[in-house]
Amino acid sequence: MPTLRIDAPNTFIKWHKLTALFFVVLMTSFAWLLANATAGTINCPISTANFVTTININLDDETCVDNSNGAISQISIKNISHLNQIEITTYKNNSTPGAGVSNLKINDDSFTPDGSGKIVAPFGQCAQGGPGCDLNVSGEFGTTGTFSFNLSVPGGFTGDVTLSPITTGSISTPDTISITSGSGQDTAISSSFGNPLIVTVSDSGSNPVSGETVTFTSPSGVAGLSLTTQTATTNASGQASLSATANAVAGGPYTVSASVTGVVASADFSLTNNAGEADAISVVSGSGQSAELGKPFGSQLVVVVKDQNSNVTPDVSVVFEAPASGGSVVFASSGTNTETVLTDADGLATSSAMTANLISSEFLGENTFSDYSVTARVNGITAASFSLTNTRSSEADIARTRQVIATFTANRADRIIAEQPNMVTRLQSGSFGNQKGINNLFYDVSENSQSASFQFSLAAFQNRAHKKQDEAANEAVQRIANSFSLLGFAEQGQSAGGANEQSIFEAVANSGAQTQAEVSGFDFWAQGTYARVNNNDYISDNGLFFAGLDYRYKNIALFGLMAQLDISEEENSSAGTSARGVGWMVGPYSVVRLHQNLFFDARATYGTSSNDVNALGIFEDYFDTVRFLLQAGLTGDFSLGVTTINPFARLTYYYEQQEDYTDSLRNLIPSQDFDLGRLEFGPRVSFDYTTEDGMMFSPFFSLSGICDFKKLQNNIPTDAVLASSDEDIRARIEAGTKVLIPYRGISLESEGFYDGIGASDYEAYGARVNMRIPF
């Protein structure tokens with residue numbers, strides 16, 4: 001580096017010869033030195049745009065030259081003597097004095113620039129002319145810009161002056177901050193993230209800046225870090241690292257900003273706090289709704305699932321479950337009373353659309369209904385519960401009630417008509433008190449049904465008792481007669497009367513004999529039937545009891561008055577319905593023999609019934625009916641050897657009216673009429689065969705035509721005999737056999753039928769077995 005030196009004269013030159021020359025040179029050099037010393041101002045522009053510049057100050061051209069990757073921090077002036085003071089003026093952008101430079105020191109003494117940016121530093125020790133002193137000037141450049149300084153040495157100086165740069169560290173300013181790693185992570189609430197958040201701070205030349213404070217800022221009051229503000233310092237690589245911990249609030253992704261002073265743009269990390277295990281479930285909406293049976297509910301059911309810190313919990317399986325019986329709902333997604341739904345990102349689980357089933361909630365009276373619970377549950381925590389109500393539709397309830405009443409009334413009417421007593425047999429089957437088969441017990445078994453019945457005639461019972469007594473008396477008389485025969489009275493009797501003459505004992509035994517066809521009298525009779533039908537979920541019990549008092553005029557006519565008591569009960573467990581009733585009917589009847597082989601019978605009965613019905617499965621209501629029955633028929637009786645032919649024609653009309661009433665829901669149930677009009681006709685043919693041991697075997701068959709001019713509305717017929725088709729005319733065939741056991745009079749009967757011949761829309765068939773025990 002150039003130096004300015006002042007040396008003493010050479011002793012090898014003779015004094016006398018060199019004196020003039022030395023003086024000239026000395027004066028010239030002194031003048032030059034003074035001129036340069038007093039003008040000792042050094043101007044050096046320093047470019048700190050990138051803050052990575054080493055400055056060399058050259059006294060020859062007074063320029064600053066980029067040299068290496070460092071930064072000027074110190075200027076030294078060596079071996080200065082006769083220096084009284086130094087003046088330093090700093091500039092930014094060659095215009096603003098004193099700006100952008102701080103912590104100016106001269107020989108470790110700090111100075112503050114004056115208003116013009118000038119520092120005046122006295123150095124008395126250098127002015128004393130000692131061996132020389134060193135002058136060190138240092139400062140910090142705090143902002144980006146072009147800086148310069150003027151170094152003045154007013155008053156001049158002597159000695160060696162050296163100005164050289166000394167690099168002691170970096171004085172660069174941050175320009176950017178960027179994410180190195182750590183973004184996009186997630187962790188459970190209140191736990192540490194797996195990797196630290198790392199940023200890199202660089203200057204405008206993309207060089208790392210060390211020693212900078214980086215501030216990490218997290219959201220507050222929502223999902224974020226455990227501390228809202230945290231700091232870290234950049235290392236030699238310009239990196240700052242933060243080990244982050246999630247707070248107790250789930251959510252995200254959220255932003256954690258990393259910033260450094262002097263840089264506008266921040267580095268933004270994206271993080272997510274995951275909720276903990278599901279800890280609670282609660283209702284959001286959907287409770288308290290009601291819907292009519294079979295109709296959709298207005299809103300879906302919504303619950304929210306949260307962890308122990310009240311954070312919503314996504315992707316949790318929630319099971320919605322409605323009651324399996326009674327009033328309930330059907331979920332659209334499953335078609336059943338249960339479904340499983342996953343919670344969404346907000347922790348919400350929403351059911352599919354719901355429809356009320358066909359069973360109402362429990363009836364509380366006064367047209368009000370209780371609610372039922374639909375639960376939403378997650379394994380391991382207490383379930384949430386919704387309250388829903390299935391209400392009624394008046395229109396649907398009225399229609400359903402009428403249908404249940406119609407089924408019950410029609411079934412009962414069917415049974416009443418089918419079990420009407422056969423009055424013709426009271427005149428046809430024997431003389432007064434000697435009718436066959438009218439005192440017996442009867443048990444009938446068929447598919448899905450069982451029935452038992454009895455028939456009783458007082459006159460026949462008394463006559464049978466008298467016969468038993470007569471038989472006992474005859475046995476006694478016979479024993480007496482046998483005793484007299486041993487004593488010889490037989491020969492005497494025979495000689496008196498001859499071989500064909502009746503003995504006295506035979507006369508006694510036959511003394512009561514007379515023409516039975518001429519006997520007339522009153523008779524009390526009774527007949528009863530109990531039948532039970534069990535067809536899967538449908539059960540019915542029907543009891544029918546008849547009693548009458550009639551007068552028989554010989555074998556010609558029968559006139560009487562009959563009464564009927566009917567007790568019926570039905571239950572359909574699958575539909576949740578039931579009905580029962582008690583009724584009566586009373587009226588006259590008659591049977592007239594029009595010809596030896598032709599009978600006419602007729603009857604007319606009238607009555608009422610009192611009934612209760614549970615048509616909706618929630619309460620019982622009461623209704624009454626009025627009814628009457630008209631029936632007339634012709635029956636033939638022709639015997640040809642073992643063959644008996646019984647042609648018949650029978651006309652039946654039955655009418656029953658259900659009276660209107662108001663049910664417990666204050667619905668008016670209108671009246672209904674039920675009637676059956678039917679004409680039946682055809683022959684019945686039977687054959688009587690008797691074995692050697694006295695057993696009677698009687699097969700039979702019948703073919704009948706059926707013409708319906710009024711039809712019962714019967715959805716569940718209990719007896720297919722009177723069931724109706726859409727066709728007005730059809731045919732029915734029956735066949736069976738009867739076996740009579742001798743001595744005891746017990747008979748075993750079986751029969752089968754097929755109905756629907758000639759009807760394309762109707763078919764019915766069945767079989768039954770019954771036993772009759774006389775008494």
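Buried residues account for 40% of the 775 residues in the protein chain. The model is predicted. The protein chain exposes about 39400 Å². Carbon and sulfur atoms supply 54% of that area.

The chain holds seven helices and 50 strands. Contacts often span long stretches of sequence: of those between residues at least 6 apart, 65% join residues at least 24 apart.

**Strand β16 and its partners**

Strand β16 covers residues 213-217. Its side chains alternate between two faces. Val 214 and Phe 216 point to one face and are buried. Thr 213, Thr 215 and Thr 217 point to the other face and are not buried.

Two strands pair with β16. Strand β17 (residues 229-233) runs antiparallel to β16 and is joined to it by five bridges. Here Thr 217 stands opposite Thr 229. Strand β19 (residues 251-260) is also antiparallel to β16, with four bridges. Val 214, one of the buried residues of β16, has Val 260 of β19 as its bridge partner.

Strand β19 has another feature. Pro 253 is found in this strand. A cis peptide bond joins Gly 252 to Pro 253, with omega at about 5°.

**An open sheet of three strands**

Strands β21, β23 and β27 form an open sheet in the order β21-β23-β27, and the pairing is antiparallel. Why do β21 and β27 each have one side without a neighbour in the sheet? β21 (280-285) and β27 (348-350) stand at the edges and each has a single partner strand, so one side of each is left free of a neighbour in the sheet. From one strand to the next, the twist averages 30°.

Strand β23 spans residues 302-306 and pairs with β27 over three bridges. Within this pair, Val 304 stands opposite Leu 348 of β27.

**Strand β24 and its partners**

A loop lies between β23 and β24, and Ser 310 is found there. Strand β24 itself covers residues 317-321. Five bridges pair β24 with β26 (residues 338-342) in the antiparallel sense. Val 318 has Val 341 of β26 as its bridge partner. Strand β31 (residues 372-377) is antiparallel to β24 too, and three bridges join them. On that side, Glu 321 is partnered with Thr 375 of β31.

The table gathers the antiparallel pairs described with their bridges.

| Strand | Partner strand | Bridges |
|---|---|---|
| β16 | β17 (residues 229-233) | five |
| β16 | β19 (residues 251-260) | four |
| β23 (residues 302-306) | β27 | three |
| β24 (residues 317-321) | β26 (residues 338-342) | five |
| β24 | β31 (residues 372-377) | three |

**Single residues worth a look**

Is Asp 523 buried or exposed? Asp 523 has a relative accessible area of 2%, so it counts as buried, the cut-off being under 20%. This residue is found in strand β35 (residues 521-535). The side chain of Asp 523 makes a polar contact with the side chain of Arg 426, at 2.8 Å.

Ser 310 has phi near 65°, a positive value in a residue other than glycine. Its relative accessibility is 53%, so Ser 310 counts as exposed, the cut-off being over 50%.

Arg 666 also has a positive phi, near 65°, and is a residue other than glycine. Where does Arg 666 lie? Arg 666 lies in the loop between β43 (661-662) and β44 (668-669). Arg 666 is exposed, with a relative accessible area of 57%.

Notes. Residues are numbered from 1 along each chain as its sequence is written. This is a predicted model: local features need pLDDT of at least 70, side-chain atom pairs count only at pLDDT 80 or more; totals for chains, interfaces and linings use all residues. Side-chain values use heavy atoms; hydrogens and water are left out. Two strands pair if DSSP finds at least two bridges between them. Buried means under 20% relative accessible area, exposed over 50%, partly exposed in between (1.4 Å probe, protein chains only). Contact means heavy atoms within 4.5 Å. Accessible areas come from the Shrake-Rupley method with a 1.4 Å probe; for residues, only the protein chains shown count as cover. Axes are lines fitted to C-alpha atoms, for helices over the stretch in contact, and angles run from 0 to 180 degrees between N-to-C directions. A polar contact is a pair of N or O atoms within 3.5 Å; within protein, one must be able to donate a hydrogen and the other to accept it, and residues adjacent in sequence count only if both atoms are side-chain atoms.
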